[in-house]
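These are my notebook entries on a single protein chain. I set down what I looked up, entry by entry.

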Amino acid sequence: MSFFKNIPYELVLGWRYTRAGRATRRNGFISFISGVSMLGIALGVAALIIVLSVMNGFQREVRDRMLGVVSHIEVYAADGNAVADLPEVLVKLKAHPHVLGAAPFITAQALLARGEDMKGVMVRGIDPALEPEVTDLSADGQAGVLARLVPGQFGIVLGADLAQNLGVQTGDPVTLVSPSGQVTPAGVVPRMKQMEVVGTFHSGHYEYDSALAMMHVDDAARMFRLEGPSGIRLKLRDLHLAREVGRDLQMQLGGRFFVRDWTQQNKTWFAAVQVEKRMMFIILTLIVAVAAFNLVSTLVMTVTDKRADIAILRTLGASPRSIMGIFVVQGATVGVIGTLSGLGLGLLVAFNIDVIVPGLERLFNASFLPRDIYLISRMPSEPLASDIWPIAIISLVLAFLATLYPSWRASQVNPAEALRYE
């Protein structure tokens with residue numbers, strides 16, 4: 001009992017007003033409005049957490065699939081020519097503590113023809129022995145496909161969608177047309193080479209599956225008249241350190257080389273995702289703000305209903321600050337309970353969305369992410385503390401701000417006026 005005696009009466013009265021019963025019709029309506037405010041805050045917070053978690057999951061899935069084809073860091077010769085002293089540079093790059101693997105490559109644009117069909121492609125010359133060190137194409141049983149690229153045989157591996165668009169299968173011939181032509185008595189003639197499709201790959205990213213063709217780096221050098229690999233691709237232990245590692249390697253290699261990380265290669269896409277995420281945060285925060293400011297009407301009605309109680313407290317010696325504290329506690333309690341409920345609901349859904357969404361699809365006999373339209377067929381989710389903490393803090397701050405004006409009005413009630421008609 002001594003513990004409860006030490007609790008400030010502002011907290012006790014504020015809590016009693018929050019859970020006010022329905023003894024009268026007016027009290028019941030006030031309790032209903034208070035419950036609606038609490039529910040609105042909870043749903044707004046939960047929606048924020050779920051939406052941002054799903055957006056994080058989509059970003060992670062697309063990024064991981066993209067990096068299954070694109071390397072974490074690419075190193076080029078600054079003059080645009082072949083990399084000089086390739087073995088020495090490879091040793092220096094692999095010596096970096098954050099580098100897991102390195103592989104030389106050649107990249108060029110060309111046309112790929114099959115009969116009357118012709119597609120523009122990005123040709124990548126690779127070393128099949130080193131390529132698995134820097135990409136994930138060797139996973140899912142695709143390692144044997146890259147091993148079919150033998151120097152001198154001019155084999156080519158196509159993205160699955162590219163092969164389908166051209167109507168070719170493994171073993172079919174295709175013609176590769178290089179933009180760098182050769183001079184003949186009849187003029188400049190494009191360089192063409194008939195090649196054999198030795199396999200296809202599937203990265204899960206349409207941009208690369210529909211436009212990327214790979215061949216052996218030695219064959220690519222001969223086809224595009226290069227003296228050797230035009231760059232080196234690197235895989236890091238932690239892809240989030242790409243910028244720092246890139247700057248470090250740039251300082252080590254000097255001005256003879258140009259270093260570019262994966263965030264620079266896909267800068268526009270990642271910037272667009274961040275803008276969308278920021279806008280969704282702002283829009284959904286407005287939902288929380290509307291629910292939080294419903295507390296204003298709740299507290300105004302409570303103050304009007306409790307004018308006599310306020311006057312009695314004032315005559316017993318309660319200060320205006322104490323009266324204000326009572327109603328701040330009432331409003332803040334609604335905000336805290338609503339925020340905590342929203343956090344619990346949002347995290348419950350975010351961590352179990354891989355179970356909830358398939359259940360809803362079976363219930364409504366629908367597919368929210370058709371495989372033939374979207375990049376991924378399941379709903380991903382990745383709740384991040386960097387999103388959750390700001391959501392909780394903003395919700396609590398908005399609820400607290402909504403209590404200030406009604407609480408101040410309560411502290412200004414004149415006891416004599418309030419008790420005149422009681």
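**Entry 1: Helix α11 and its contacts**

I began with T285, which is found in helix α11, residues 267-305. I looked up its burial and found a relative accessible area of 12%, so T285 is buried. Leaving out residues up to four places away in sequence, I found that T285 touches L48, I394 and L398. I note for the record that I am working from a predicted model.

I turned next to I33, which is found in helix α3, residues 25-66. I read a relative accessibility of 17% for I33, and this residue therefore counts as buried. With neighbours within four places in sequence set aside, I33 is in contact with N294, S297, T298 and M301. I checked the separation of I33 from M301: the two are 268 residues apart along the chain, and their C-alpha atoms are separated by 9.6 Å.

**Entry 2: Overall counts**

I counted 16 helices and nine strands in the protein. Of its 422 residues, 46% count as buried. I also looked up how contacts are spread along the sequence: among those between residues at least 6 apart, 80% join residues at least 24 apart.

**Entry 3: Helix α15**

I asked what end-to-end span helix α15 should have at 1.5 Å a residue. For its 27 residues, 385-411, the expected value is 39 Å, and the end C-alpha atoms are 39 Å apart, which agrees. I recorded a bend in α15 of about 30° at L404, with a proline, P406, following within four residues.

**Entry 4: Nonpolar cores**

Which members of the largest nonpolar core touch the most other members? I found I73, V75, L93, I232 and L234 in that role, in a core of 36 residues. I then listed the contacts of L234, not counting residues up to four places away in sequence: S71, H72, I73, V75, L93, V99, G101, A102, V134 and L249. Another core, of 24 residues, lies apart from the largest one, and I noted V121, V123, F154 and M223 among its members.

**Entry 5: Aromatic rings**

I found two aromatic pairs. In the pair of Y76 and F105, the ring centres are 5.8 Å apart and the planes stand at 75°, so I entered it as edge-to-face, for which the angle must be over 60 degrees. Y76 lies in strand β1, residues 73-77, and F105 in strand β2, residues 99-114, so the pair ties together parts that are 29 residues apart in sequence. I recorded both Y76 and F105 as buried.

I also looked for charged side chains over rings. R233 lies over the face of F105, at 6.0 Å from the ring centre. K193 lies over the face of F154, at 4.5 Å from the ring centre.

**Entry 6: Positive phi angles**

I looked further at F154, which lies in the loop between α5 (143-147) and β4 (155-159). Its relative accessibility is 9%, so I entered F154 as buried. Although F154 is not a glycine, it has a positive phi of about 50°. I noted this because most residues other than glycine have a negative phi. R225, also a residue other than glycine, has a positive phi near 55°. I located R225 in the loop between α8 (217-223) and β8 (231-236).

Conventions
Residues numbered from 1 in each chain as written. Predicted model: local features only at pLDDT ≥ 70, side-chain atom pairs only at ≥ 80, totals over all residues. Heavy atoms only, no water. Helix = DSSP H or I, 4+ residues; strand = E, 2+ residues; numbered from the N terminus. Expected span 1.5 Å × (residues − 1). Bend = angle between axes of the 7 residues up to and from the residue. Phe/Tyr/Trp six-rings, centres within 6.5 Å; stacked < 30°, edge-to-face > 60°. Buried < 20%, exposed > 50% of the residue type's maximum accessible area, 1.4 Å probe, protein only. Lys NZ or Arg CZ within 6 Å of the ring centre and 35° of its normal. Core = buried A, V, L, I, M, F, W, Y, C linked by side-chain atoms within 4.5 Å. Contact = heavy atoms within 4.5 Å.
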